[in-house]
Amino acid sequence: MDDLDYKLVQLLQQNARLPVASLAAFAEVSRATVKARIDKLIDNGVIEKFTLQMGAEARHATVRAMVLVEVHGRKADQVSHELLRIPQVHALHSTNGRWDFIAELEVQDLPTFDAKLRQIRLIDGISGTESNILLSTRRSLGH
């Protein structure tokens, strides 16, 4: 992948519905070039699919939180597998530093949040958690 491919992928990650003409204008290349590059990225498996991501409001999540997870020993693969089996874990990120994972948790209410947090803490291999409830979300102009 070259700089143009990266730019196109970045633009499509921000908005997969951008028309080829808009992508061409942003990338300052012709529409034919954009179409050929996207086709090549799909053929090479760089782009697997175009998808839709619903906002938390549409998913009926009224409580969203980041749960920082510390793993004991060499159980990271087992812990990540168990976390991803919980439907309310919207995304799971591995990270460096004190915490091994950050789980994005989305639930309907605080009692459900408490129950899911208890479920997470009972996973074998988790030695600690810290939770941060998200109060509001701001997005950059590019998203």
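Which residue of β4 does V69 stand opposite? The points below work up to that pair. The model is predicted.

1. **Helix α2 and its buried side.** Helix α2 covers residues 20–27. Its buried residues are L23, A24 and A27. Viewed down the axis of α2, they fall within an arc of 100 degrees, so they line one face of the helix. These buried residues pack against two helices, α1 (3–14) and α3.

2. **How α2 meets α3.** Helix α3 spans residues 31–43. The axes of α2 and α3 come within 8 Å, and they cross at roughly 105 degrees. An angle of 65 to 115 degrees counts as roughly perpendicular, and therefore α2 is described as roughly perpendicular to α3. Reporting both values is standard, because two packed helices are described by the angle between their axes and the distance between the axes.

3. **Who makes the contact.** On the α2 side, the residues are V20, A21, L23 and A24. On the α3 side, they are R31, V34, K35 and I38. Sorted by class, the contact has six nonpolar residues and two charged ones, with no polar residues. Note that L23 and A24 appear here and also in the list of buried residues of α2.

4. **Just after α2.** The helix is followed by E28. The phi of E28 is positive, near 60 degrees.

5. **Strand β1.** Now turn to the strands. Strand β1 runs over residues 63–71. Seven of its nine residues are buried, so β1 is largely enclosed by the rest of the structure.

6. **The partners of β1.** Strand β1 is joined to strand β3 (residues 101–107) by seven bridges, and the two run antiparallel. In this pairing, A65 stands opposite L105 of β3. Seven bridges also join β1 to strand β4 (residues 126–133), again in the antiparallel sense. Here is the pair asked about at the start: V69 stands opposite T129 in β4.

7. **Strands β2 and β3.** Strand β2 takes in residues 89–94. It pairs with β3 over five bridges, and the sense is antiparallel. One bridge matches S94 with F101 of β3. Strand β3 therefore has two partners to look for on the model: β1, through seven bridges, and β2, through five.

8. **The hairpin turn.** What do β2 and β3 form together? They form a hairpin, with six residues between the strands. G97 lies in the turn. Its phi is positive, about 90 degrees.

Technical notes:
Residues are numbered from 1 along each chain as its sequence is written. This is a predicted model: local features need pLDDT of at least 70, side-chain atom pairs count only at pLDDT 80 or more; totals for chains, interfaces and linings use all residues. Side-chain values use heavy atoms; hydrogens and water are left out. Axes are lines fitted to C-alpha atoms, for helices over the stretch in contact, and angles run from 0 to 180 degrees between N-to-C directions. Helices (H or I, at least four residues) and strands (E, at least two) are DSSP runs, numbered from the N terminus. Angles under 35 degrees count as roughly parallel, over 145 as roughly antiparallel, 65 to 115 as roughly perpendicular and the rest as oblique. Contact means heavy atoms within 4.5 Å. Ala, Val, Leu, Ile, Met, Phe, Trp, Tyr, Cys and Pro count as nonpolar, Asp, Glu, Lys and Arg as charged, and the others, Gly among them, as polar. Buried means under 20% relative accessible area, exposed over 50%, partly exposed in between (1.4 Å probe, protein chains only). Two strands pair if DSSP finds at least two bridges between them. The arc is that of the directions from the helix axis to the C-beta atoms.
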